[in-house]
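The following note is offered for a colleague's consideration. It treats the fold first and the interior afterwards.

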Amino acid sequence: MNSKTKIIILAGGQGKRLRPLTNNKPKCMVEIFNKSILEHQINCLKEFGITDITVITGYHSDKIKIPNINYVKNKNYKNTNMATAVFLAQEKLNGSVIISYGDIIYEKKILKKLLNERNDLSVVIDENWRNLWRLRFDNPLNDGESLKLNKEGFIIDIGQKIKNIGEAEGQFIGLMKFQDKGLELVKKHYEDFKRQSQNGPNVLNPKLSFECSFMTDLLQALIKHGIKLKSVPVNGGWLEIDTISDLEIYNKLYSEGKLSKLFNIKNI
């Protein structure tokens, strides 16, 4: 169905906040609802005919043994972040490419909406994020990030610290699609940013080394350089598994029959 679309899953993280579950395996292999996070993603992708799957590994890469998947090992995973890791799969960065964080699971409807988006650069955002954040955090502001849209639904600000809830019209869920001319523009600008940062402060985030830039740092820099990123709005239907507390909350809601308000297991 969408066999020409590829995906790169960024799954090299150590998952320090999921210890002891990640003492001997990467974050993406932590189990939730009887499967690993990565298996949930791959099963969803295959439902849409996506079989060109590349996983960027790092921490305990030997523990990921799912067959018929392309693997690229990030040997420097301790000193790099998402924005650098994705470019380790250069040979896959052409045509239409979905990029996914390795610590999320999502319902099929989200993937379908992203696949159907025609803009060259599209980013999934959750407009209903407050409900999930209130469950996960005592103060949603502690982990919330800015996200502002213009009237046409293009992102004009992303990934900055916020002082009030109103600064976030949604939250980036860690899922996006780059394709065609838009993808070529991203690659060109990334190389330009990298070159500029070699001779001075990191242009993506002066507080970090270039290699440790967050994906939202890259997206924000692209916006500042006139690149148009289309938002793909959803209302829930996904979960981030970042801490032991996250797992406990989701499992408790599931056992009480209350999880479906946020996330429907039958639809993954």
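1. Secondary structure. The model is a predicted one. Its chain contains seven helices and 13 strands.

2. Overall dimensions. The C-alpha trace extends over about 55 × 45 × 40 Å along the principal axes of the chain. The radius of gyration is 18 Å, and a compact globule of 268 residues would be expected near 18 Å, so the chain agrees with that expectation.

3. Burial and contacts. Under the criterion of less than 20% relative accessible area, 56% of the 268 residues are buried. Among contacts with a separation of 6 or more, 73% join residues that are 24 or more positions apart.

4. Surface and charge. The chain exposes an accessible surface of about 12,800 Å², with 47% of that area belonging to carbon and sulfur atoms. There are 41 positive and 30 negative side chains. The centres of these two sets are 2 Å apart.

5. Principal core. How many residues does the largest nonpolar core have? This core has 49 residues, and L38, Y106 and L175 have the most contacts inside it. Helix α1 (residues 37-47) supplies the largest share of this core, namely five residues.

6. Surroundings of L175. Leaving aside residues up to four places away in sequence, L175 touches I98, I99, S100, I104, Y106, I110, L114, V123 and V124. Y106 in this list is, like L175, one of the residues with the most contacts inside the largest core.

7. Second core. Apart from the largest core lies another, of 38 residues. Its members include I125, M215, L222 and I223.

Key
Residues numbered from 1 in each chain as written. Predicted model: local features only at pLDDT ≥ 70, side-chain atom pairs only at ≥ 80, totals over all residues. Heavy atoms only, no water. Helix = DSSP H or I, 4+ residues; strand = E, 2+ residues; numbered from the N terminus. Rg over C-alpha atoms; globule rule 2.2 N^0.38 Å. Buried < 20%, exposed > 50% of the residue type's maximum accessible area, 1.4 Å probe, protein only. Contact = heavy atoms within 4.5 Å. Areas by Shrake-Rupley, 256 points an atom, 1.4 Å probe, with all protein chains shown as cover. Lys, Arg positive; Asp, Glu negative; His and termini not counted. Charge placed at Lys NZ, Arg CZ, Asp CG, Glu CD. Core = buried A, V, L, I, M, F, W, Y, C linked by side-chain atoms within 4.5 Å.
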